[in-house]
Amino acid sequence: MQNASYNYPTRMIFGPGTRAQLGELLKARGKRRPLIVTDRGIANLPFLAEIAGILKDAGLTPAVYSDIHGNPDKPQVTGGVDAYRAHDADSFILLGGGAALDVGKVIALMINHPGDVFDYEDGNPNMPPVDQDIPFNIAVPTTAGTGSEVGRSSVISDEQHIKRIIFDPRMLPPLVVADPELTVGLPAGVTAATGVDALSHNVEAFLAKGYHPMADGIALEGVRLVMENLETAVRAPENIVARGNMLMASSMGATAFQKGLGVTHSCAHALSAVCDLHHGLAIAIMLPACMRFNAEALPDRMARLQAAAGTDLSFDRWLEELNQRIGLPLRLSEAGVKPEHVPQLVAIAINDVCHGCNVREVSRDDFEMLFKSML
């Protein structure tokens, strides 16, 4: 696999072994005291100690904040702000999957900006200006799913476990180091679920309302990369080419979904809030049903997705077979969701912003039908 460096949509250094550059990249910007923001699962993995060693070898003084777990919430953000100040830090390394990167981006935002985290929620008419310095940060993804490393937003849950989107263009990390070797140790189930999440970003962006041929082109290539590499990444976890292509497909999905997402993400956000389902797993189960729902509105676009996936099956049927091949459950009931959860799921999904971009309008009855169809 060839290493690469480019500036789209932010500066990205991509390829196996690129994590070795982290110390020199910080030094080149005059940084000396980085705070590594990561999650509890990574705290004891060898590559965290390796990266801390790389920074120390470059003459830097790193510290680690690793109190990130489950769905990101406000206490995790305020804890990180406190850790940054306690270390007298001057920069960040955001290391992990979507949760760690999402929390890390909001920690960086809140270092010099006043008020509450949720004051900066997307769409808040009284949102304070984002006009203060945001400390330099490098995003280092360790999963191929959310693509948060190239995103301008973060998803943070409130006290009622409702996912709220914190957004500002300046939240886009100025530098990404994408090293596929860091994804090799992921369990097969996590590789599968996060991989379908990456696929869903490309799919929903391609189907989202609006004229955006650039996003459409990126999305279709992202679908092709997932089609060619996800199953290999699950079955042969040390295949660096497959891991690298999935990492790229993840970043492409997040780049494309600046156009918008859709009904699948509204369903998944509700399932995470009500049933604490892993986001990627919720997406994987709901995506076939949501594509059947959307197929009536855009049959030509479904045909283009089918072509990108290289299949003669209908696109929703191809998705179901993909889930089977990579070992993911096909029904919500297999993940602990019960019929009595449906009213609350509908109540949250209908108020989620993502389905506002869906190509087909989604009613309460539609959400109820979608959830019940996948029980």
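# A tour of pockets, cavities and rings

Start at the second largest pocket, which holds about 270 Å³ of space. The model on screen is a predicted one.

**Stop 1: the second largest pocket.** Select Ile162, Lys163, Asn351, Asp352 and Val353. Of the 15 residues in the lining, these lie nearest the pocket's centre. Now colour by secondary structure. Three elements each give two or more residues to this lining: β8 (163-167), α9 (263-275) and α13 (342-350). Which of the elements gives the most? Helix α9 does, with four residues. Colour the lining by residue class next. Seven of its residues are nonpolar, five are charged and three are polar.

**Stop 2: the largest cavity.** Move on to enclosed space. Rolling a probe the size of a water molecule over the atoms reveals where space is left empty. The structure has three cavities of 30 Å³ or more. The volume of the largest cavity is about 60 Å³. To see its walls, select Ala144, Thr183, Leu186, Thr191, Thr194, Gly195, Arg243 and Met246. Two helices, α6 (188-207) and α8 (240-256), each supply at least two residues of the lining. Helix α6 gives the most, three residues. How does this lining divide by class? Four residues are polar, three are nonpolar and one is charged.

**Stop 3: Ala233.** Keep Thr191, Arg243 and Met246 selected; these are among the residues lining the largest cavity. Add Ala233, in helix α7 (residues 213-235). Is Ala233 buried or exposed? Ala233 has a relative accessible area of 2%, under the 20% cut-off, so it is buried. Show its contacts, leaving out neighbours within four places in sequence. Ala233 then touches Thr191, Ala242, Arg243 and Met246. Thr191, Arg243 and Met246 thus appear both among these contacts and in the lining of the largest cavity. For a sense of scale, draw a line from the C-alpha atom of Ala233 to that of Arg292. The two residues are 59 apart along the chain, and the line spans 27 Å.

**Stop 4: aromatic pairs.** Turn to the rings. The count of aromatic pairs comes to three. Select Tyr84 and Phe92 for one of them. Their ring centres are 4.6 Å apart and their planes meet at 25 degrees, so this pair is stacked. Tyr84 and Phe92 are both buried. Go next to Phe367 and Phe371. This aromatic pair is also stacked, with 6.4 Å from centre to centre and 25 degrees between the planes. The centre distance falls within the 6.5 Å limit for a pair. Where do these two residues sit? Both are in helix α14 (residues 364-373). They are four residues apart there, so about one helical turn separates them. Switch to a surface view. Phe367 is buried, at a relative accessible area of 0%. Phe371 is buried too, with a value of 0%.

**Stop 5: arginines over rings.** Finish with two charges. Select Arg164 and Phe118. Arg164 lies over the face of Phe118, 4.3 Å from the ring centre. Residue 164 also falls in the span of β8 (163-167), one of the elements met at the second largest pocket. Then select Arg360 and Phe293. Arg360 lies over the face of Phe293, at 3.9 Å from the ring centre.

Notes:
Residues numbered from 1 in each chain as written. Predicted model: local features only at pLDDT ≥ 70, side-chain atom pairs only at ≥ 80, totals over all residues. Heavy atoms only, no water. Phe/Tyr/Trp six-rings, centres within 6.5 Å; stacked < 30°, edge-to-face > 60°. Buried < 20%, exposed > 50% of the residue type's maximum accessible area, 1.4 Å probe, protein only. Lys NZ or Arg CZ within 6 Å of the ring centre and 35° of its normal. 1 Å grid on protein atoms, 1.4 Å probe; cavity = no way out; pocket = protein on both sides within 12 Å on 5 of 7 lines; lining within 4 Å. Points joined across faces, edges and corners; volume = space filled by probe spheres on them. Nonpolar A, V, L, I, M, F, W, Y, C, P; charged D, E, K, R; others polar. Contact = heavy atoms within 4.5 Å.
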